[in-house]
Amino acid sequence: MFLFFFFVLLLMTTSENDAAERIQAFVIPHSHMDVGWVYTVKESMHAYASNVYSSVVEELSRVKSRKFIAVEQEFFRLWWVNVASDWHKKQVKQLLQEGRLEFIIGGQVMHDEAVTDVDDAILQLTEGHGFLYETFGVRPRFSWHVDPFGASATTPVLFALAGFNAHLISRIDYDLKDVMQKNKKLQFVWRGSASLLEKQEIFTHTMDQFSYCTPSYLPFSNRSGFYWNGVALFPDPPKDGIYPNMSLPTMVDNIKQRAQWFKTSHVLWPWGCDKQFYNASVQFMNMDVMVNYINTHSDKYGVAVQYATLGDYFQAVHQTNLSWDVRGSKDFLPYSTESFQAWTGFYGSRDVLKGIARRASSLLHAAESLFTRYSISYPDGPVPREWALEKLKPCVGLSQRYILSVQHHDGITGTESPKVADMYMQHLMQGMMGAEELLAAIFLLPHSLEHSNNIHPPQTRPIVEKKDVLEQHVIVYNPLAWNISSYINVSVSYAMAVVLDDDGKPVPAQIQQSATNSSGYDLFFVVELGGLQYRKYLVQFPQSHCGSGSACRKTHVARIVKFKRKYLSHWKSTGRKLLPVLNECYKLMFDQETNLLHSITDRHEKRSILVQQDFCEYEANGDVNAGPISDNYIFTANGSAVLAYKSVAMEIVPGKVVSEIRQYFYRNEDDKNHTYSVVTRVPVGFQGKLACHRLEQSYKVGPLEVNRETVFRTSTSLQNNRTLFTDNNGYQMMRRTYKNFVNNTVARNYYPVVRAAYIEDDSCRVAFLTERAHGVASLSQGQFEVMLHRCLWNNQEWNLGYNLTLNDSSVVRPILWMILGSPAAVSSIYQQEALELQHRPVVMPIDKPQKLWIQKGKSIQPFDQPVVLPQNLHMQTLSIPGWNYSPNHTRQLQNLGSGGDKHFKINFDRILLRVTHLYEEGEDPVLSKPTTINLKEVMQGIGEVTKVMERSLTGTWDISDLQRWSWKTNTGVGKTVSGMTKDFNVTIFPKEIRTFFIYFK
Ligand SMILES: [Zn+2]
């Protein structure tokens, strides 16, 4: 054995162990496989991912002691469906049974934790778990979040709800890790939710400073680490007996060093790194020798080594029955690797991709709920169910769910190479097209499907003179299980339009020249929709003058009032000539001296605050020789952001549905074209309805000059002391107090926002709701800034080599809703509003404007009963997952045992319902209360419920069978409270996420 020589050296250099307790090292073989980062999924499969599973399965089958953990399901499934031979498949099942191959996490990807929405994180986990349970009867129990850039407090909650026994994280702030390591505090019990507390606590292991890669600095591993991957099996020993790349092996020393950082004598020794084990035979063959050698000299070293799965390691730690510190609902964001390496840039990298990813998942959400309704009402209807499910789960010869894989930590984060970003965009577009096709198919249902009680009286038409009229039908679907009243915007090419609802009644509408398209028009109209209901609206375009007909009066033709461009250099005394824009909730004042917002009055509370909004820019450094840089991941500010304009023009469009304020910002005083714009929409005419609280702002930013990072800054008179509240994945809020650092203070005070952020003082709160993730900060008193776009280039070799410089020349158009009021008033509505922004009504014109022919028949409204939940509960999921596993675990194992590789049939009868309580304990006097609903009643609009089973988060466990390990804490043993349903009544407590299988008659 060639390695013998080298172990002689090992023997001599390692000091003898004097500790009483022998250290047990768990060598966990793994391969970190990014589902798209520098290379596309396809390229990665070809280059290594496929070989990882083939060769690992072969090597494990060869030697009994070897083990491996499989993490991302995306690659495993691709391999399983397209590559694995029958022999491989048989071996996989055998290895799983022996506990030598272990599925960890089980999601399609290792999702990002900072910029992912909680719903998307759950979906991708559900998808992976469904596959594993259907195929193997396996339910993962451990997490391995080794690479996400910072750790959210929502993730441990989700993993606890999914039935995990332990959680693992790695990338946390370097200072903090240092302290935790020194004090043996890397392991703790995490109560990620402030409301769920010990009910969903989970033991959490933080990887030590070596993180998930086998140490590569070790002298032995100058070239190949402990991987031996790609290096031919060792050549003939050189004459002097010393190998060029093998000086002193220090595995034992390394194990001993790490043992000092933990309370128990167990050391988790991850063996692997990115793209490892594609040549598993070489890796294992060498490590076998190493492991055997150390073990035969175990007494001498005081160290024993074994191949292990993650489960083996956690089991050993759990068995020590030690007591652990408790961590509350605090996350590990932001994340820095050193003082000038703040990973806060990616919160704003690739804004377009972040926006499309969220739009795609809300479209998927809409299509799933509508299809579920359809499938229950018309199981044999003309829209084939198999076809429909295919549209929701698009395949490329395999079950790769397009919309989900972008949640990967190099996907939605925007940290991938341009070609991988293109791959994600293409996948998302295809996924959205599928969802749209399905929605259209259901919207266009033939009339014969109507129930007799759905037939409405013939419409009283025409309203406008027939002969000159073109008409178009628009379907509007409300994907939320709440009744809503809102306005929608349809782009049209005519200057006048009348809108009729499905009863033929004209609805309030407004038309005006478009803010974004100079030759087109924006038609706004008011929609009132029940939960999970759609309505058909008829838009008529009168070609001649509209006359004094009553219907035309329902459409307000809004005129644009233009204001002269104002120059920053001419500002004298601001705040004297103010122009009000009012609605039922607010009075906005615009300063005619500057064309900027000046103040907002909350008319209900009769309280005014000063508000100014500007576009500012950070100028980034791209020369590594000149100082720290900004890139895909990292944000480095050279000082404060500076105003990015010299003059501002303004237009105001007073309306009867919505009043619009359009502001155009010019980089130079007399530039012909503006650099930035913001359109603020103030809803009017919504007396007493929630919608009047929403101030919608849509921005146009880009293309940027290179090495600019653009922020939109709202400066208010609030006394917030630079304290900011931002959400963790849209699930819960985190308080962010301003921190001073020796270096890099601006960047290290940036935080991600996914759905909501706010600043407040004793009397007022200003909340900002988003439809895509951004980076935000409060760097001065009363200030809130949001990074909207980044365009960067740098000359760092590594960045250039991988094409990761973020040279993003796109134009981005993000939207923010601003809500303002007393802290209590805003607190009671902003969660729901954030969801209304995420799940805006789906607007689908189903034909082109055409001449009015004969009456086209009766109006269609196939789902005439709304599905409505109380205001504090959100219907997170209503879908047909299609998995065909038995909900009874024993039976599922029996079926798998007897069925072999039988083809699974899609199960259309099992509906997955997920309901979440939006409020924290004590957040609102009424809405925070536990809320009881009767599932039979709630679902009545869909069909008659015959059976309900409560399940774990991803559906694979019957909740009454689910027992998670309890870990002793210094505050007592945590207890699991399982929610039971009785007569279909369910009481949902603050912040609970409850998952059910529902069966209909
Ligand atoms: Zn990664």
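1. Cysteine 273 is a good place to start: at 14% relative accessibility, this residue counts as buried. Here buried means under 20% relative accessible area, exposed means over 50%, and partly exposed lies in between, all with a 1.4 Å probe and protein chains only.

2. A word on the ground rules. This is a predicted model, in which local features need pLDDT of at least 70, side-chain atom pairs count only at pLDDT 80 or more, and totals for chains, interfaces and linings use all residues. Residues are numbered from 1 along each chain as its sequence is written, and side-chain values use heavy atoms, with hydrogens and water left out.

3. Now to the partner of cysteine 273. Cysteine 213 is also buried, with a relative accessible area of 17%. The sulfur atoms of cysteine 213 and cysteine 273 are 1.9 Å apart and form a disulfide, a term used for a pair of cysteine sulfur atoms within 2.5 Å. This link is right-handed, with 65° about the S-S bond. Cysteine 213 sits in the loop between β6 (202–206) and α8 (251–259) and cysteine 273 in strand β7 (residues 266–274), so the bond ties together parts that are 60 residues apart in sequence. Helices here are DSSP runs of H or I with at least four residues, strands are runs of E with at least two, and both are numbered from the N terminus.

4. The structure holds two disulfides, and the other one to look at joins cysteine 585 and cysteine 692, with their sulfur atoms 1.7 Å apart. Its S-S bond is right-handed at 60°. Distant parts of the chain are linked by this pair: cysteine 585 is in the loop between β20 (578–582) and β21 (586–591), cysteine 692 is in the loop between β27 (676–683) and β28 (695–701), and they are 107 residues apart. Cysteine 585 is buried at 7% relative accessibility, and cysteine 692 is buried with 4% relative accessible area.

5. For your cysteine inventory, two further residues deserve a look. Cysteine 616 is buried, with a relative accessible area of 1%, and cysteine 791 counts as buried at 1% relative accessibility.

6. Next, the metal. The zinc ion has protein donors His32 (NE2), Asp34 (OD), Asp147 (OD) and His409 (NE2), lying 2.0 to 2.1 Å from the ion. Donors are N, O and S atoms within 2.8 Å of the metal (3.2 Å for Na, K and Ca), and water is not among the atoms, so sites may look incomplete. The spacing of the donor residues in sequence is H-x1-D-x112-D-x261-H. Histidine 32 lies in strand β1 (residues 23–32) and histidine 409 in the loop between α14 (402–405) and α15 (418–443), so this pair ties together parts that are 377 residues apart in sequence. Histidine 32 is buried at 2% relative accessibility, and histidine 409 is buried at 0%.

7. What is the geometry of the zinc site, given its four donor atoms? The site is irregular, with angles of 90 to 160° among those atoms. Four donors count as tetrahedral if all angles lie between 85 and 135 degrees; four count as square planar and six as octahedral if opposite donors are over 155 degrees apart and all others between 65 and 115; anything else is irregular.

8. Last, glutamate 98, in helix α4 (residues 86–98). Glutamate 98 is partly exposed, at 30% relative accessibility. Its side chain makes a polar contact of 3.2 Å with the side chain of lysine 64, and another of 2.7 Å with the side chain of glutamine 94. A polar contact is a pair of N or O atoms within 3.5 Å; within protein, one must be able to donate a hydrogen and the other to accept it, and residues adjacent in sequence count only if both atoms are side-chain atoms. Glutamate 98 and lysine 64 are 34 residues apart in sequence and 9.5 Å apart in space, C-alpha to C-alpha.
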